[in-house]
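Me: I'd like to learn how to read a few features off a model. Can we start with the cysteines?

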Amino acid sequence: MDLTFLGAAQTVTGSKHLVTTGDDTRLLLDCGLFQGHRNESIARNSTLGVDPASLDGVILSHAHIDHSGALPILVKRGYRGPIYATPATRDLCAAMLMDAAFLQAADARYVNHRIEREGVAMDKVEPLFDEHDVLRTLEQIMSIPYRHRHRVGRDATVTFLDAGHVLGSAITVLDIDEAGDTRRLVYTGDLGRKRIPILRDPELASGAHTLLIESTYGDRTHPPYEDMEEALAKVVTRVHARGGKIVIPSFALERAQELVFSLKQLRKKGRLPKIPVYVDSPLTVQITDVFKLHPECFDDETRALLQGHDSPFDFEGLRYVSSTEDSMALDDAPGPAIVISASGMCEGGRVLHHLRRTIEDERNCVLIVGFQAEHTLGRRIAERRPKVKIFGVERDLRAEVQVLEGFSAHADRTELVEYVEETRRRGPLRDVFLVHGEPAAQRVFKGELESRGFPSVRVPARGDEVRL
Ligand code: ZN
């Protein structure tokens, strides 16, 4: 078996790994979009690194764009085979990939407009894919529920286990026949945390020979999730008392639903003042509807709520906002409110309008609950820069800024190490590959595993090919 690392190798975006079996079955694990500076993104995403026609199948771990967002490019360039995913991932992709196509078109329009109007020295930009490519992609997705073994090639089967990262997220268990023996490769995709709301804990695979594990937080530990709920209650109570608004930039998938869930729990416990809560992002509204269709992915606590006819995603005082007019009206309304809006790193979307209207008033608060990459507005706000640019205009950042790091959807260092240890306990684990991480985090994680006696821990670079 050969493994080729085509993306998310010594970096966190653009997940793409190729498995070629002894019998020449070619399977792609994820096909994600690289996200970074515009020029580098265009260059990286234009090169797939694999001939689409040569593939027998694509296995998709979850719906996040850095894992799924290059699927429409693959299809546009001639891939006609199956894309395997869980039912929830398939439904989320319908919303997420359509949104990505819309952003591609908007981005190309913006760049081309600047070239024409300002004479910027750049080649004109074509969107990498459009909504027709997304529709074809959706037609090729084959749903496979968790824990059902499915044949994906002459000599290979796949079984999905719950990764506990976002709705529908899967750990891929790939069994490959080798001269009467079976070799088992386990790919974690993005690995979730234990005891976070809505989702079940990540499942463990037995009998793995090879493990591809993510390493985003290989060098850091998160505070417990329960502490985050308490911290959230404190911020809301304080800002409410001074009559301010709280703007929460949030990723549309999972984070927004978890926030709603946590706010509902706090309200039930009497830990929250009466304050209106708005979820203002059309994509988030769509995605929350997908959540309601997939109770099979929920943990026991969330399912119990549903059985008691108590929706985890609704409570008195919570409103989902779809129309632009309603969105604009939120900032005109006086008095305290919580506004949850995308995008998560403040690089676009409706959250920009809310920030523009709120950040110059010290009564208000910007609450950061997700990872903020370098060079984003979210990062500059998180760093509490005195001035930030919104829609090209410098504004004074006078609002309070709070950063709650514990809301992460990724396993931390302790949980990652525990996952590898547990996998070793359950089988003949020989090779560990660290993917989806920055070099600094991977160095620490690798060192920790080696000190625990794992003989073969590798950190592949993009383009590396390994024969097992
Ligand atoms: Zn993810």
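Reply: Sure. A disulfide is a pair of cysteine sulfur atoms within 2.5 Å. Searching the whole structure with that rule turns up zero disulfides.

Me: What is the nearest cysteine sulfur to Cys93, and how far away is it?

Reply: That of Cys31, 11 Å away, and Cys93 is in no disulfide. Cys297 is in no disulfide either, with the sulfur of Cys93 the nearest at 13 Å. Cys93 has a relative accessible area of 0% and Cys297 one of 3%; buried means under 20%, exposed over 50%, partly exposed in between (1.4 Å probe, protein chains only).

Me: Anything to keep in mind about the source?

Reply: This is a predicted model: local features need pLDDT of at least 70, side-chain atom pairs count only at pLDDT 80 or more, and totals for chains, interfaces and linings use all residues. Residues are numbered from 1 along each chain as its sequence is written, and side-chain values use heavy atoms, leaving out hydrogens and water.

Me: How do strands make a sheet?

Reply: Strands pair through backbone hydrogen bonds, either parallel or antiparallel. Here strands are DSSP runs of E (at least two residues), helices runs of H or I (at least four), numbered from the N terminus; two strands pair if DSSP finds at least two bridges between them. One open sheet has six strands in parallel pairing, ordered β14-β13-β15-β12-β16-β19.

Me: Which are the edge strands?

Reply: β14 (318–321) and β19 (400–403), each pairing on one side only. β13 (residues 277–280) joins β14 over four bridges, in the parallel sense, and Val277 has Leu318 in β14 as its bridge partner.
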